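Okay, thanks for making room for me today. Let me put the structure up, and then I'll walk you through one sheet and one arginine.

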Amino acid sequence: ATGGIGRHVVRQLMSTNVDMTVVAFCRNYDKALETLYEGAGDTDDDDRGGASGRSLVQRKSKRGPKLEIVVGDLVDRSSVFNYKDEEDEIEVEFNSTTLASVRRYYGDDAADEVYKASPKRNAEETADAHEALKQAIKDCTAIISCVGTVRPTNPWTDYVMNPLRIFRKASRWCSDPRHPYYVNYQSTREALALAEEEQERRNMEIEKFEQAEEEMAREAAKMGRSYVPANGRSNPKKGPVELIKFVRISDLAVSIRPWEVVSLFTNIGRSLVFRDQEKCEILLENSKLIDTVTLRPGDLIDTPRNTNTTYIQMDPSGVLAYPAYVSKEDVAAVAVAAALTRRDGFTAAAKEDRYYEESVGGKNVKKRRRKDAYESRGVATGEERAASYTWAIRWCGEDLEGQGRKSDGLPDAQSCVDRMLQLEKKVEAKRKKADSVRDGDSVQRVLSKMTKPLKRRRLKPYGIAVAVPVYAVMAAIFFSALRNVPGKEIVLKYVVKWLSGA
């Protein structure tokens, strides 16, 4: 929640008029106070988890979102290969005698600083990572994941020590917890598993409640009385079930081939980061219990958008052409809109100003932002399967070279999300129609079952795309340096033996 996009997400969630609790998950509580609050110096350490200090957004009334900070680490250090904390190697016993000595010679302030830095104090205040994340996800309606990492490739450990490491999972050889495998893939896998576990718990509670409603209806019928279920429906089994929504911010480069220039050089210099990004996308697509939205922004910048000349362009295919500049603030706005907007188009976050102007045929047309559902149905029912969307994001406008026209986009994030959901609805209707036609034909039904594994999304060959140029260059450098070395035959035999052993 304290990263470049995460802080914008919290700010925009806190600026809505929705009564909800915004849970900000971060590793460092003090940094969260500095980033998410103003006047953090007036905040008491005992107020963790509450809306202490002055909020990012000043509200005139007490109604609205409340901010809660949860401290934890998304990366489970015990799962990191041979991980050793540098602070654990130096064991210092902070007992009462030590603190008394510091207080005697350096004063109370210094003693307090020593105690705050002690392993005992940190162990008392740092909760288990898994339990902290589990408590943060409990009773949630949406999850917005803004995790990301920048780990420069270590040529010696990543490429030279063992050439096969480039094809192996980082958990089998990498001791750096900043690796994209741990930060991106492993943290997403754990958060998704906890979200699905929470959804299953809710489904079971709803099922038990429906069974109790049916039992009470039968008992009332035996007594000659009528019973109206708590949900107001004649059939309690058709009560609404709202699925948890998982919104994750990925990268537009995942949509291109791994041997293209942008993807290739970024993977070489950043520990194959796009491979783990795509693995996260596949995880979300395969979820059968919760709704998932993957956002693919282009090149992120901090410059705010000029709303007079530039709009936001999104594509439901997850693919947009480069260049694709977009601000972190707009990406956060799209993530918030996607999290707060149901599949039927309803959003409780729409403000009073629900109109905007759009140029249509050279004329400015006043359009209405959607707050009510554009369908007459309610939220998703338990019989409806979970949906998975992948949307690409960039700016568009004539002032941006190579990024299309202003008319290709929409003026704000909520309008873009509304448009994407309408397009996804049309795609879903076409799919259902094709499925009904196929199910009526026995031959087509058999062929569909046989070809279903082939249609499953597979990971692109990132390892091969990086290994070929990297080891080709390394081999060229090695043989050119070996040309004038005496006894090179012995060296070559040793190298071949080492490679065969690796």
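So, strand 5, residues 291-297, and strand 11, residues 388-396: these two run parallel, and 6 bridges join them. If you want a spot to click on, take arginine 296, which stands opposite alanine 392 in strand 11. Bear in mind that this is a predicted model.

Now zoom out to the whole sheet. It's an open one, made of 5 strands in the order 3-4-5-11-7, and the pairing is mixed. Which strands stand at the edges? Those are strand 3, at 142-145, and strand 7, at 311-315. Each has a single partner strand, so one side of each is left without a neighbour in the sheet. Going from one strand to the next, the twist averages 20°.

Next, something that lies across the sheet. Helix 12, residues 328-340, lies across strands 3, 4, 5, 7 and 11. Against strand 4, which is 245-249, helix 12 runs at about 165°.

Last stop, the arginine I promised: arginine 202, in helix 9, which spans residues 180-222. Buried or exposed? Arginine 202 has a relative accessible area of 16%, and the cut-off for buried is under 20%, so arginine 202 counts as buried. What is it in contact with, leaving aside neighbours within four places in sequence? For arginine 202 the list is Ile137, Asp139, Cys140, Thr141 and Ile244. For cysteine 140 there's a distance to go with that: its backbone oxygen lies 2.2 Å from a polar atom of the arginine 202 side chain.

That's what I had; over to you.

Terms used
Residues numbered from 1 in each chain as written. Predicted model: local features only at pLDDT ≥ 70, side-chain atom pairs only at ≥ 80, totals over all residues. Heavy atoms only, no water. Pairing = 2+ DSSP bridges. Helix = DSSP H or I, 4+ residues; strand = E, 2+ residues; numbered from the N terminus. Axes fitted to C-alpha atoms, helices over the stretch in contact; angles between N-to-C directions. Contact = heavy atoms within 4.5 Å. Buried < 20%, exposed > 50% of the residue type's maximum accessible area, 1.4 Å probe, protein only. Polar contact = N/O pair within 3.5 Å; in protein donor to acceptor, adjacent residues only side chain to side chain.
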